[in-house]
Amino acid sequence: MYRLKIFVTICIVGVSVYASPAHAANMLGHWALDETTQGSTVVDSGVGGNNGTPSGSGGGPSPSTNVPTVNFSNPRSYSFNGSNQYVQIASSFTSAVSVTFWFRPLANGSGGGNDNWYNGTGLFDAEIGGVTNDFGVTWSANHVEFGIGNPDVTIHSGALALDTWHHVAATWQ
C-alpha cells in the first residue's frame with residue numbers, strides 16, 4: 001500500500017507511476033488529483049485502476065484551483081493540511097519504478113535535508129519497516145529526497161523555494 005502521505009502544508013498535482021523504463025506503455029497509475037469534492041475517490045486514470053482513498057481530518061485533502069503553469073489542461077490540485085491528510089493507494093511496487101509529480105510546499109518538511117529519505121515528510125511513500133525493497137520521495141527541510149531500501153540509498157535535490165511549484169521525477173531501476 002502506498003500513500004501520498006503529506007504531513008506538511010502543500011499542494012500536489014498529477015502523480016504518475018511507471019514501471020521502468022518510464023513511458024506510456026509501462027504506466028502503473030496516474031492520479032490527476034482533479035476531483036472536485038473533498039473526500040471523493042481519487043481516480044486512477046492510468047491503466048492500473050488503483051483508485052485512491054483520501055483520509056484525514058475533514059475527509060482528507062481539499063481540491064484547489066492553485067496549479068502550476070503547464071502546457072496541458074490542469075484545472076485542480078489537492079491541498080493537504082500539514083498534519084494528518086493523505087491519499088491511500090492500494091497497490092504495491094517493489095522494484096524498478098518511476099514517480100513524477102508537481103508540488104508546491106508552503107512549509108519546510110521534517111528532517112534536516114541530508115537525512116535518509118524515510119526520515120523526511122512523505123510525498124509519495126512506500127516505506128516498509130526493516131531491510132526490504134521499498135522506496136519513497138520525501139520533503140526534508142527544503143530538499144526533495146528519493147530513496148530505496150535493501151540497501152538504503154538516498155539522493156537529495158538542491159534547496160527548493162517555498163510557495164513555488166516544482167516538478168519531481170525520480171526513477172529506481
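Along the sequence, the protein chain of this predicted model follows the pattern β-β-β-β-β-β-β-β-β-β-β-β-β. The secondary structure thus comprises 13 strands and 0 helices. Among contacts between residues at least 6 apart in sequence, 61% join residues at least 24 apart. Of the 173 residues in the chain, 46% are buried. The exposed surface of the chain amounts to about 7400 Å², of which carbon and sulfur atoms supply 49%.

The confidence of the prediction should be considered before the details. The mean pLDDT of the chain is 80, and 85% of the residues score at least 70. Among the elements, strand β12 has the highest mean pLDDT, 90, whereas strand β1, residues 2–6, has the lowest, 48. Over residues 1–8 the pLDDT stays under 50, although the model has 52 contacts beyond four places in sequence for this segment. Where pLDDT is low, the predicted coordinates should not be read in detail.

The interior may be approached through its nonpolar residues. In soluble globular proteins, nonpolar side chains tend to be buried together. In this model the largest nonpolar core has 24 residues, and F101, F135 and V137 touch the most other members. Two or more residues of this core come from each of the strands β2 (9–19), β6 (77–81), β7 (85–89), β8 (97–105), β9 (121–125), β10 (135–140), β11 (143–148) and β13 (166–172). The most is given by β8, which contributes 4 residues.

Aromatic side chains provide a further view of the packing. A pair of aromatic rings is described by the distance of the centres and the angle of the planes. The count of aromatic pairs in the model comes to 5. One of them joins F103 and W139: the ring centres are 5.3 Å apart and the planes stand at 70°, so the arrangement is edge-to-face, an angle over 60 degrees being the criterion. This pair links distant parts of the chain, since F103 belongs to strand β8 and W139 to strand β10, 36 residues apart. F103 is buried, at 0% relative accessibility, and W139 is likewise buried, with a relative accessible area of 0%.

A second pair, F124 with F135, is stacked, with 6.0 Å from centre to centre and 25° between the planes. Here too distant parts of the chain are linked: F124 lies in strand β9 and F135 in strand β10, 11 residues apart. Relative accessibility is 0% for F124, which counts as buried, and 0% for F135, which also counts as buried. F135 thereby appears both in this stacked pair and among the core residues that touch the most other members. F124 can also be related to T100: these two residues are 24 apart in sequence, and their C-alpha atoms are 9.5 Å apart in space. Beyond single pairs, F101, F103 and W139 form one aromatic cluster. F101 is another residue named among those with the most contacts to other core members.

What does a search of the whole structure find in the way of salt bridges? The search yields 1 salt bridge. The side chains concerned are those of R104 and D163, which meet at 2.9 Å, N to O. R104 lies in strand β8 and D163 in the loop between β12 (153–156) and β13, so the pair ties together parts that are 59 residues apart in sequence. The two partners are placed unlike one another with respect to the surface: R104 is buried, with a relative accessible area of 10%, whereas D163 is exposed, at 51% relative accessibility.

Several backbone features in the loops deserve attention. A cis peptide bond, with omega of about 0°, joins N150 and P151. P151 is located in the loop between β11 and β12, and N150 has its place in the loop between β11 and β12 as well. N150 also shows a positive phi of about 65° although it is not a glycine. With a relative accessible area of 41%, N150 is partly exposed.

A positive phi is also found at L33, where the value is about 60° although the residue is not a glycine. L33 lies in the loop between β3 (27–31) and β4 (52–55). In contrast to the partly exposed N150, L33 is buried, with a relative accessible area of 0%.

Terms used: Residues are numbered from 1 along each chain as its sequence is written. Side-chain values use heavy atoms; hydrogens and water are left out. A nonpolar core is a set of buried Ala, Val, Leu, Ile, Met, Phe, Trp, Tyr and Cys residues joined through side-chain atoms within 4.5 Å. Buried means under 20% relative accessible area, exposed over 50%, partly exposed in between (1.4 Å probe, protein chains only). A salt bridge is a side-chain nitrogen of Lys or Arg within 4 Å of a carboxyl oxygen of Asp or Glu. Contact means heavy atoms within 4.5 Å. Accessible areas come from the Shrake-Rupley method with a 1.4 Å probe; for residues, only the protein chains shown count as cover. Rings of Phe, Tyr and Trp (its six-membered ring) pair if their centres lie within 6.5 Å; planes under 30 degrees apart count as stacked, over 60 as edge-to-face and the rest as tilted. pLDDT is the predictor's confidence in each residue, from 0 to 100.
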